[in-house]
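Take a moment with the model below. Then follow the text through it, stop by stop.

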Amino acid sequence: MILDGLILLVVVLAGSVLLAPRLRTSQEWRAVITPLASIIGSGFLVLGPILARNYGVFAPAMMAVLCAAAWLFGSAIRFNIRAIEDKVAQGRWGAGIETAASWSLAFAYFISVAYYLNLFGSFGVNLIPGTETFHAKLLTTAVFVVILLVGWFRGFQSLERLEYGSVAIKLAIIAGLFVGLAAFFAGHVLEKDLIFEAPHVSGWNALFLAFGLLITVQGFETSRYLGGEYSADTRIRSMRQAQIISTGIYLVYMLLIAFVFPRSELGTSETAIIDMMELVTPILPVLLVGAALAAQFSAAIADTAGSGGLIEEESGRRVSSRHGYLLLSLTGIGLTWVADVFDIINYASRAFALYYMLQAALAVSYARARGTGGWHVGLFGCLAVLGGLIALFGQAVEGG
């Protein structure tokens, strides 16, 4: 009871700070919030149980590897932002790579929205007794229809204004989650019963599974497309800050859960985190469902709008954003009924890996045009190869 009260107090205090006018109206902070909202999204909820169940004692290390990979891909995109700002020639293949990257991102958004809304459906029915996967898919389909209708008839401007509030609530709930987990972890330390599980996967399976989880730390690339709102310096700085903050959050999260839950208590569903948190304190599952619904809905709105805008721009306005929303919704509804959430996570990871591969290849083109040194070309070339390998060999998590 005391712990529940402390968690609620921390959530309220953190929310008050994040929603304070001074922070809410800060241009620098708002530039950080946009990529941070995407990175600390759905992945935060599903990744903990997946890594702990499959990698055991090495789960925090694997989390660090995923964040490091994201940072390196982010470095290629930051390099491209600077090159575009400096009007560096794209090289012989640069324009074609840029166009391919934009189309691949639009397609990746198709799958990521399906991923977000399938998690929305799963978490939305989680606390209702007697519900099954079928009911979650129905809820997901209904939300797709609502988003399509809003985008078709009204546009997303009014809903996009809710982004900051939903992100602030989510971060405040994460602060409360950390308080509960820290107390739970401290109890295990005092009782000297920390758990050190052996990895459940190894070798190539461990590597390919990690490839299939890239989507869970994705989102930093949104800074690349905020040129109409922020300068290149602000976008580069905000992406770095968002990745540093999210890496800190993810690593603390994994350290707090990796050694206190036996594998038998690490569920195999996408909502396993809810059952785990019931072992910590009764208030956390309710808070996490609220955070999940806010995170998934706001992320789905952002990616739907982004995809529609990219399709309209890259098609030379031959295909309107509204028709882009329609195609996205039909694709997402189809994925909802033919694939489970873990398959969709894998598809999304592969789609974004293809986009990162193209961005890294574009960075190679810019680096050669700038003559910035062979190490840039080598680094970005290796990242392009890594993105291609992830797109080819990413493996889905085995759900239950």
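The paragraphs below visit a loop contact, a surface patch, two backbone angles and the cysteines.

Keep in mind that this is a predicted model. Start in the loop between helix H9 (163-190) and helix H10 (203-211), where Glu197 is found. What does Glu197 touch, leaving aside residues up to four places away in sequence? The list is Gly56, Val57, Pro262 and Arg263. Arg263 deserves a second look. Its backbone nitrogen lies 2.8 Å from a polar atom of the Glu197 side chain. So here the polar contact uses the backbone of Arg263 and the side chain of Glu197, a pair that falls within the 3.5 Å cut-off.

Stay in that loop for another residue. Lys192 also sits between H9 and H10. Its phi is positive, about 55 degrees, although Lys192 is not a glycine. Is Lys192 buried or exposed? Its relative accessible area is 77%, so Lys192 is exposed. The cut-off for that word is over 50%.

Now move to the loop between helix H13 (283-314) and H14. Arg317 is found there. Arg317 is not a glycine either, yet it has a positive phi of about 65 degrees. Arg317 counts as exposed because its relative accessible area is 63%.

Next comes the surface. Which residues form a nonpolar patch there? They are Phe134, Leu138, Trp337 and Val338. Together these residues have about 420 Å² of accessible area. Two helices contribute to the patch: helix H7 (133-153) and helix H14 (321-338) each supply at least two of its residues. Trp337 lies in helix H14. Why does Trp337 count as partly exposed? Its relative accessibility is 38%, and partly exposed covers values between the buried limit of 20% and the exposed limit of 50%.

Finish with the cysteines. How many disulfides does the structure hold? The number is zero. Two cysteines can be placed by their accessibility. Cys67 has 6% relative accessibility, so Cys67 counts as buried. The cut-off for buried is under 20%. Cys382 has a relative accessible area of 54%, and therefore Cys382 is exposed.

Look back over the stops. Glu197 and Lys192 belong to the loop between H9 and H10. Arg317 belongs to the loop between H13 and H14. Helix H14 then carries Trp337, one of the residues in the nonpolar patch.

Key. Residues numbered from 1 in each chain as written. Predicted model: local features only at pLDDT ≥ 70, side-chain atom pairs only at ≥ 80, totals over all residues. Heavy atoms only, no water. Helix = DSSP H or I, 4+ residues; strand = E, 2+ residues; numbered from the N terminus. Polar contact = N/O pair within 3.5 Å; in protein donor to acceptor, adjacent residues only side chain to side chain. Contact = heavy atoms within 4.5 Å. Patch = residues over 30% accessible without salt bridge, like charges linked within 9 Å, V, L, I, M, F, W, Y side chains within 5 Å. Areas by Shrake-Rupley, 256 points an atom, 1.4 Å probe, with all protein chains shown as cover. Salt bridge = Lys/Arg side-chain N within 4 Å of Asp/Glu carboxyl O. Buried < 20%, exposed > 50% of the residue type's maximum accessible area, 1.4 Å probe, protein only. Disulfide = S-S within 2.5 Å.
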